[in-house]
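Please open the model in your viewer and keep the sequence panel visible. The tour below proposes a series of selections and states what is found at each.

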Amino acid sequence: MESIEAGALARNDRYLREFVEALELCPFARKCRESGRLARRVLRGGRPAEATAAAVRDLEATAEEQVEVALLIYPEFAGDLRRFEEFRDEVRRALRLFYCVAFHPALPMDLSDANRAVSFLRRSPDPTLQLVRVTTLDRVRSGRPAGSVYLDPSKLSAEELRSLQPALSVSQQIARANLLTLQRHDAARLASLLADLRRFAAS
């Protein structure tokens, strides 16, 4: 009989490989995993605050060359999505070197626009906190257009003014690309895949 930890890691493996990486929903996911800079911890209990605090302390003591992204997985978390998001907010207050977002099996499926579609992409098999190192994200962002651009409109033609588009941040570019990817697939089939991953138990 498999352990709770082994089952959670097996489900997460399949989620990363068969959903996130297979659909290329994150351009950095595969490289991070294959380079060994992805750390994963399975934390037992209904609301393991002490174990989470210890995991955060350990991660914050690592260098970027060791850990760029960490996944804290909670297969026994007691509470619904709202409770887990409250827990995420508590964890965020203890972080200095990482950003933190919540993944959860109950996140909604809304593909009406790129921003709403992000929730569906984070519909993981088990409640999970993703920690991304601030310096890693800053390094990625530095190579892409982002922020505000200031121009003197008096020096531009009417045609040039009409053609101007605000620069998209990295997250906006990824969100837009992901929505297009999801729209090319059968949404019901993707939802069914995620439901299957949720029920999966490693043999």
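## First stop: Asp113 and its partner

Select Asp113, which counts as partly exposed because its relative accessibility is 24%. Then add Arg116: the side chains of Arg116 and Asp113 meet in a salt bridge, with 2.5 Å from N to O. Arg116 is likewise classed as partly exposed, at 45% relative accessibility. Elsewhere, Glu21, Arg30, Arg33 and Glu34 are joined into one network by salt bridges that share partners. The structure as a whole holds 19 salt bridges. Please bear in mind throughout that this is a predicted model.

## The whole chain

Now zoom out and colour by secondary structure. The chain contains 9 helices and 4 strands, and their order along the sequence is α-α-β-α-β-α-β-α-β-α-α-α-α. Of the 203 residues in the chain, 38% are buried. Among contacts with a separation of 6 or more, 74% are between residues 24 or more positions apart. With the surface displayed, the accessible area of the chain comes to about 11,800 Å², and carbon and sulfur atoms account for 51% of it.

## Arg33 in helix 2

Select residues 29–34, which form helix 2, and pick out Arg33 within it. Which residues does Arg33 contact beyond its neighbours within four places in sequence? They are Arg17, Glu21 and Leu38. Display the side chains of Arg33 and Glu21 to see a polar contact of 2.8 Å between them. Both Arg33 and Glu21 belong to the salt-bridge network that also includes Arg30 and Glu34. For a distance across the fold, select Val67 as well: the C-alpha atoms of Arg33 and Val67 are 10.0 Å apart, although 34 residues separate the two in sequence.

## Two salt bridges within helices

Move to helix 1 and select Arg14 and Glu18, which both lie in that helix, 4 residues apart, or about one turn. They form a salt bridge whose closest N and O atoms are 2.7 Å apart. An α-helix has 3.6 residues a turn, so residues three or four places apart point the same way. Arg14 is partly exposed, with a relative accessible area of 23%, and Glu18 is partly exposed at 33%.

Next, select residues 81–92, which make up helix 4; Glu86 and Arg82 both lie there, 4 residues apart, about one turn of the helix. Their salt bridge has its closest N and O atoms 3.8 Å apart. Are these two partners buried or exposed? Glu86 counts as partly exposed because its relative accessibility is 29%, whereas Arg82, at 61%, counts as exposed.

## The buried side of helix 5

Select Ala114, Ala117, Phe120 and Leu121 in helix 5; these residues are buried. Why do they lie on the same side of helix 5? They cover an arc of only 95° around the axis, which places them on the same side.

## The nonpolar cores

In soluble globular proteins, nonpolar side chains tend to be buried together. Select Tyr15, Phe19, Phe120, Leu182, Leu190 and Leu194: within the largest nonpolar core, of 24 residues, these touch the most other members. At least two residues of this core come from each of helix 1 (4–21), strand 2 (69–73), strand 3 (98–103), helix 5, helix 8 (170–183) and helix 9 (187–199). Another core lies apart from it, with 19 residues that include Leu43, Leu72, Tyr74 and Phe84.

Centre the view on Leu194 and show its surroundings. Leaving out residues up to four places away in sequence, Leu194 touches Tyr15, Phe19, Phe120 and Arg123.

## Last stop: Ser124

Finally, select Ser124, in the loop between helix 5 (114–121) and strand 4 (128–133). Is Ser124 buried or exposed? Ser124 counts as buried, because its relative accessibility is 3%. Where does the side chain of Ser124 reach? The backbone oxygen of Asp126 lies 2.7 Å from it. To complete the view, add Tyr15, Phe103, His104 and Pro105, which Ser124 touches when residues up to four places away in sequence are not counted. Tyr15 links this stop to the preceding ones, as a residue in contact with Leu194 and a member of the largest nonpolar core.

Technical notes:
Residues numbered from 1 in each chain as written. Predicted model: local features only at pLDDT ≥ 70, side-chain atom pairs only at ≥ 80, totals over all residues. Heavy atoms only, no water. Buried < 20%, exposed > 50% of the residue type's maximum accessible area, 1.4 Å probe, protein only. Polar contact = N/O pair within 3.5 Å; in protein donor to acceptor, adjacent residues only side chain to side chain. Contact = heavy atoms within 4.5 Å. Arc of directions from axis to C-beta. Core = buried A, V, L, I, M, F, W, Y, C linked by side-chain atoms within 4.5 Å. Salt bridge = Lys/Arg side-chain N within 4 Å of Asp/Glu carboxyl O. Areas by Shrake-Rupley, 256 points an atom, 1.4 Å probe, with all protein chains shown as cover.
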